Amino acid sequence: MSQLETTRLENEFLRLTTLNLGARIHRLDLLPLNRPLVLSYPRLTDYEGEPNFLNATIGPNANRLAGGHFDLPDGPQEWGCNEGEKNLHSGALALHQRRWTLDRVQQQAADQAPSLTYTIEMDQPVAYQAQV
């Protein structure tokens, strides 16, 4: 299992710290007032195995699926149940407990914030991207 890694972006007003586990926003601080704008755990390791999806990228399904399945034109999709008789936030396929790879930090125009692009490869023929 890869290490927990953070990436920080900062300007005169905000400091954003992201975490590769779940492509999460770990911290977002308003610098002039020295105030956090999002809830976060005090230690990075507190995110491992946490059940609350705090500041994480949720998917591929960000909801509950009755019976853990749904139908698509190319056939039924079985995702299993992880909350009683429902599938919550994709269960075993969930993105929030997987390590993402930071692909790039892109600087925008001077009056815009830079963006981060995280990618994850799954055991399916699809790659997911999260942009912050």
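The points below describe a predicted model of one protein, from its overall make-up down to single residues.

1. Confidence. The mean pLDDT of the protein is 81, and 79% of the residues score at least 70. Among the elements, strand E4 (residues 35–36) has the highest mean pLDDT, 94. The lowest mean, 55, belongs to strand E11 (residues 127–131). Statements about strand E11 should be read with that value of 55 in mind.

2. Secondary structure. The protein has 11 strands and 0 helices. Read from the N terminus, the order of elements is β-β-β-β-β-β-β-β-β-β-β.

3. Burial, surface and contacts. The protein has 132 residues, of which 34% count as buried. About 8,300 Å² is exposed, and carbon and sulfur atoms supply 50% of that area. Among contacts with a separation of 6 or more, 39% are between residues 24 or more positions apart.

4. Nonpolar core. The largest nonpolar core has 5 residues in all: Leu4, Leu19, Leu21, Tyr47 and Leu54. Leu21 may serve as a starting point for viewing this core. Leaving aside neighbours within four places in sequence, Leu21 is in contact with two other core members, Leu4 and Tyr47. The contacts of Leu21 also include Glu48, His96, Gln97, Arg98 and Arg99.

5. Nonpolar surface patch. Phe13, Leu14 and Leu37 form a nonpolar patch on the surface, and together they have about 270 Å² of accessible area. Phe13 sits in the loop between strand E1 (6–10) and strand E2 (14–19). Phe13 counts as partly exposed because its relative accessibility is 45%, which falls between the cut-offs of 20% for buried and 50% for exposed.

6. Positive phi angles. Ala23 is not a glycine, yet its phi is positive, at about 45°. Ala23 belongs to the loop between E2 and strand E3 (24–30). With a relative accessibility of 5%, Ala23 counts as buried. Asn55 is also not a glycine and has a positive phi, of about 60°. The loop that holds Asn55 runs between E4 and strand E5 (64–66). Asn55 is partly exposed, because its relative accessible area is 23%. A check of the backbone could therefore take in one buried residue, Ala23, and one partly exposed residue, Asn55.

7. Asn61. This residue is found in the loop between E4 and E5. Asn61 is buried because its relative accessible area of 14% is under the 20% cut-off. Setting aside neighbours within four places in sequence, Asn61 is in contact with Trp79, Asn87, His89 and Ser90. Asn61 and Trp79 are 18 residues apart in sequence, and their C-alpha atoms are 10.0 Å apart.

8. Gly80. The loop between strand E7 (75–78) and strand E8 (86–88) contains Gly80. Gly80 is partly exposed, because its relative accessible area is 34%. Apart from neighbours within four places in sequence, Gly80 is in contact with Gly68 and Asn87. Asn87 is also among the contacts of Asn61. The C-alpha atoms of Gly80 and His69 are separated by 6.9 Å, while the two residues are 11 apart along the chain.

Notes
Residues numbered from 1 in each chain as written. Predicted model: local features only at pLDDT ≥ 70, side-chain atom pairs only at ≥ 80, totals over all residues. Heavy atoms only, no water. Patch = residues over 30% accessible without salt bridge, like charges linked within 9 Å, V, L, I, M, F, W, Y side chains within 5 Å. Areas by Shrake-Rupley, 256 points an atom, 1.4 Å probe, with all protein chains shown as cover. Salt bridge = Lys/Arg side-chain N within 4 Å of Asp/Glu carboxyl O. Helix = DSSP H or I, 4+ residues; strand = E, 2+ residues; numbered from the N terminus. Buried < 20%, exposed > 50% of the residue type's maximum accessible area, 1.4 Å probe, protein only. pLDDT = per-residue confidence, 0-100. Contact = heavy atoms within 4.5 Å. Core = buried A, V, L, I, M, F, W, Y, C linked by side-chain atoms within 4.5 Å.
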